[in-house]
Amino acid sequence: MATALRKAKADSGLHRTWGFQPETLDEEERTIWVVAATETPVRRYYGDEILLCTRKAVVATRLKNMPVLDSHRSTSVKDILGQVIETRFEGRKLHMKVRFADNDNGNAALGLVRDGMLHKVSAGYRILEAEESTGRNGVPVITVTRWEPTEISLVSVPADPNATIRGNVKMARKPT
């Protein structure tokens, strides 16, 4: 990674000045918008899985007040970092507004998000209906046409690389 960064600096005159910055964080309200799921193919042991992210495909029964967990851990109430307070669909992506809990774990997660250290999420869900096909490379493709989210987790490594806290990586021109 250091080699790629050095090459980017040399080639483009750009360098990383801050890293990830959350765009929608409201510290007073303790909320942030996340991209909870996209239609990006995810490699599973049985092939590639695609979650359709439309109002028709997503069962909304549990979306309101759905728990925000620490890395899909659900064995203790201490694993709850917050809850989902709003959802919407934009560009074939499922977006969720998350409110962090006002407790030690919620505060720690909020701090990591604010500091740009934590910016990935992952949806937990139940598959209700799916269609199977074969991809260009001969790998089975499971397109999930109906699914029910059960939780959203803050994670260090998501299955869907586009499931993220809404924000950006700041780059700036190298000082002259």
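**Exercise 1.** Does R44 count as buried, partly exposed or exposed, and at what relative accessibility? Identify also the salt-bridge partner of R44.

*Solution.* The model is predicted.
- Step 1: The relative accessibility of R44 is 28%.
- Step 2: Buried requires a value under 20% and exposed a value over 50%, so R44 counts as partly exposed.
- Step 3: The salt-bridge partner of R44 is E49, with 3.5 Å between the closest N and O atoms.
- Step 4: E49 has 4% relative accessibility and therefore counts as buried.

**Exercise 2.** Classify the two members of the salt bridge between D48 and R43 by accessibility.

*Solution.*
- Step 1: The closest N and O atoms of D48 and R43 are 2.6 Å apart.
- Step 2: D48 has a relative accessible area of 15%, so D48 is buried.
- Step 3: R43 reaches 54% and therefore counts as exposed.

**Exercise 3.** Treat the salt bridge between R73 and D70 likewise, then name the residues of a salt-bridge network.

*Solution.*
- Step 1: In this pair, R73 and D70 bring their closest N and O atoms to 2.8 Å.
- Step 2: R73 is partly exposed at 41%, and D70 is partly exposed at 24%.
- Step 3: E27, R114 and D115 are joined into one network by salt bridges with shared partners.
- Step 4: The whole structure contains 10 salt bridges.

**Exercise 4.** Describe the largest pocket by volume, lining and contributing strands.

*Solution.*
- Step 1: The volume is about 180 Å³.
- Step 2: The lining has 17 residues, and those nearest the centre are R44, L51, Y125, A159 and D160.
- Step 3: By class, the lining comprises 11 nonpolar, 3 polar and 3 charged residues.
- Step 4: At least two lining residues come from each of strand 2 (31-38), strand 3 (42-44), strand 4 (47-51) and strand 8 (120-134).
- Step 5: Strand 8 contributes the most, namely 4 residues.

**Exercise 5.** Which residues of helix 2 (residues 104-114) are buried, and what is found at the ends of helix 2?

*Solution.*
- Step 1: The buried residues are G106, A109, L110, G111 and V113.
- Step 2: At the N-terminal end, N103 acts as a cap, with a side-chain oxygen 3.2 Å from the backbone nitrogen of N105.
- Step 3: After helix 2 comes G116, with a positive phi near 80°.

**Exercise 6.** Is T143 buried or exposed, and which residues does T143 contact beyond its neighbours within four places in sequence?

*Solution.*
- Step 1: T143 belongs to strand 9 (residues 140-155).
- Step 2: Its relative accessibility is 19%, so T143 counts as buried.
- Step 3: With neighbours within four places in sequence set aside, T143 contacts I50, L52, E129, A130 and E131.

Conventions:
Residues are numbered from 1 along each chain as its sequence is written. This is a predicted model: local features need pLDDT of at least 70, side-chain atom pairs count only at pLDDT 80 or more; totals for chains, interfaces and linings use all residues. Side-chain values use heavy atoms; hydrogens and water are left out. On a 1 Å grid over the protein atoms alone, a cavity is a set of points where a 1.4 Å probe fits but cannot get out, and a pocket is an open set with protein on both sides within 12 Å along at least five of seven lines; lining residues have an atom within 4 Å of a point. Grid points are joined across faces, edges and corners, and a volume is the space filled by probe spheres set on the points. Ala, Val, Leu, Ile, Met, Phe, Trp, Tyr, Cys and Pro count as nonpolar, Asp, Glu, Lys and Arg as charged, and the others, Gly among them, as polar. Buried means under 20% relative accessible area, exposed over 50%, partly exposed in between (1.4 Å probe, protein chains only). A polar contact is a pair of N or O atoms within 3.5 Å; within protein, one must be able to donate a hydrogen and the other to accept it, and residues adjacent in sequence count only if both atoms are side-chain atoms. Contact means heavy atoms within 4.5 Å. A salt bridge is a side-chain nitrogen of Lys or Arg within 4 Å of a carboxyl oxygen of Asp or Glu.
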